[in-house]
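Here's a quick briefing on a protein model, written with pockets and one annotated site in mind. Have a look at the sequence and structure, then read on.

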Amino acid sequence: MALTELSILFVEDDPVFRKLVTSYLDSRGANVVEADNGEQGLNRFKAQKFDIIIADLSMPKLGGLDMLKAMNQHRPGTPSIIISGNQAMSDVIDALRSGASDYLVKPVSDLYLIENSIRECLNSSFEESLNFDEQESLSYLELNENLALLEQCSEAAKSVQQQLFPPSRVEYSDVVIDYSLFNTNEVSAHFIDTAMIDDDHVMMYMAHFHPHDNRAAFASVLLKSFVNHKLKLYRNGQSQAIIEPFNMLVYLNDRMAKSGLGIVVDMAYIVVELTHYRAAIAKAGSEFRCYLKNSEGLSPIALADSLQLGMTNWTKPSVQFRTLLLGEKLCISTQVSEHKQLLLDNQFHGLIHEPTTKPGGYIQLSLS
């Protein structure tokens, strides 16, 4: 697949690298507009509509992250690929949280990788996405260098991961998300996230990575990036997967299995349709239980255990649908009696280092 007639804005202050990439993309049929700093990139974005943005994060006059945020305010929904050196990992995380679709880590060893990242960002169908050769994905091909950095420095891994976690309470217009995660090591083996997908859908999930080591930090970055990719496709009208828990876990299993991390994942993923308070719930692995919580306590939602995500012989997740009644709350929790009691006691503190409490935790969705 060539990039025929694709309109690309490439913002990069290194003239040699910029010309090299531009020449390659031109040879593949794309129409590339260059900018050598963030201010120039923003002006050219405002003057012309582009299919995709490729931008370095470290640039003069206006940094890549601030430039992308300004672009999103001016014309939301344009896919973006960010470029970063290892020293800018915090900016990478901020960009992923802001909706960037993918990222590269310099130096880029093969320009063909850029084309594959563009194809993935602009892919319009769920089925085609699953057919990509993941060894061509930038996130994977730059994995070893990043893993080496994180494995050598627990403090760096901890910093990278902690910046991905939301605050202990996330308030949307009609929904409140609260959580507590207890961690005894520098890097948490558990990860949670949530998003207001559109006016009618909210999502939350909880994941547990095995084995528990510094790779969990990079796995958190990848998982966040994968979910962001489907969120952006949904908002562009190109995929429904983000609101379909079954299909999301199928997609995430494929990605984790081919990631090269050697990590498997327990996961529970929930989407609530807010017009009719209809919840769709999917689960992989046996680490988590999902509950309805009301004044009488916790009522478990029946979901059979299945294989963890990332296993080559994985088949399919367990799925349930429920309609929430007035006053009911949806919860995901690890199977530790202490965690369930704290959940009942409404003890929500976000991610905390607690040597005396077993690792794990819970997340709760309340309709406001």
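**Annotated site and pockets**

Asp-56 counts as buried, because its relative accessibility is 5%, and the cut-off for buried is under 20%. Keep in mind that this is a predicted model. The notes below start with that aspartate, move on to the two biggest pockets, and end with the overall fold.

**The aspartate at position 56**

- An unreviewed UniProt entry annotates Asp-56 as "modified residue: 4-aspartylphosphate".
- As for secondary structure, Asp-56 sits in strand β3, which covers residues 52-56.
- If you skip the neighbours within four places in sequence, the contacts of Asp-56 are Val-11, Glu-12, Asp-13, Gly-64, Ile-83 and Lys-106.

**The largest pocket**

- If you're after volume, the largest pocket comes to about 570 Å³.
- Its lining has 34 residues, and Asn-72, Arg-97, Ser-98, Gly-99 and Arg-235 are the closest to the centre.
- Five elements each give two or more residues to that lining: α3 (64-74), α4 (89-97), β8 (190-198), β9 (201-210) and α10 (215-235).
- Helix α10 supplies the largest share of the lining, with six residues.
- Chemically, the lining of the largest pocket splits into 18 nonpolar, nine polar and seven charged residues.
- Both domains chip in here: domain 1 (7-124) and domain 2 (154-367) each provide at least three residues of the lining.

**The second largest pocket**

- Next up is the second largest pocket, with about 160 Å³ of space.
- Its lining consists of Lys-49, Phe-50, Asp-51, Arg-75, Pro-76, Gly-77, Thr-78, Pro-79, Leu-122, Asn-236 and Gln-238.
- By class, that makes four nonpolar, four polar and three charged residues around the second largest pocket.

**The fold as a whole**

- How many helices and strands does the protein have? The tally is twelve helices and 17 strands.
- Out of 368 residues, 58% count as buried, and Asp-56 is one of the buried residues.
- Looking at contacts with a separation of 6 or more, 69% of them link residues that are 24 or more positions apart.

Conventions:
Residues are numbered from 1 along each chain as its sequence is written. This is a predicted model: local features need pLDDT of at least 70, side-chain atom pairs count only at pLDDT 80 or more; totals for chains, interfaces and linings use all residues. Side-chain values use heavy atoms; hydrogens and water are left out. On a 1 Å grid over the protein atoms alone, a cavity is a set of points where a 1.4 Å probe fits but cannot get out, and a pocket is an open set with protein on both sides within 12 Å along at least five of seven lines; lining residues have an atom within 4 Å of a point. Grid points are joined across faces, edges and corners, and a volume is the space filled by probe spheres set on the points. Helices (H or I, at least four residues) and strands (E, at least two) are DSSP runs, numbered from the N terminus. Ala, Val, Leu, Ile, Met, Phe, Trp, Tyr, Cys and Pro count as nonpolar, Asp, Glu, Lys and Arg as charged, and the others, Gly among them, as polar. Domain bounds come from an automatic or database domain assignment. UniProt positions are given in the numbering used here, feature names are shortened, and annotations may be inferred rather than shown by experiment. Buried means under 20% relative accessible area, exposed over 50%, partly exposed in between (1.4 Å probe, protein chains only). Contact means heavy atoms within 4.5 Å.
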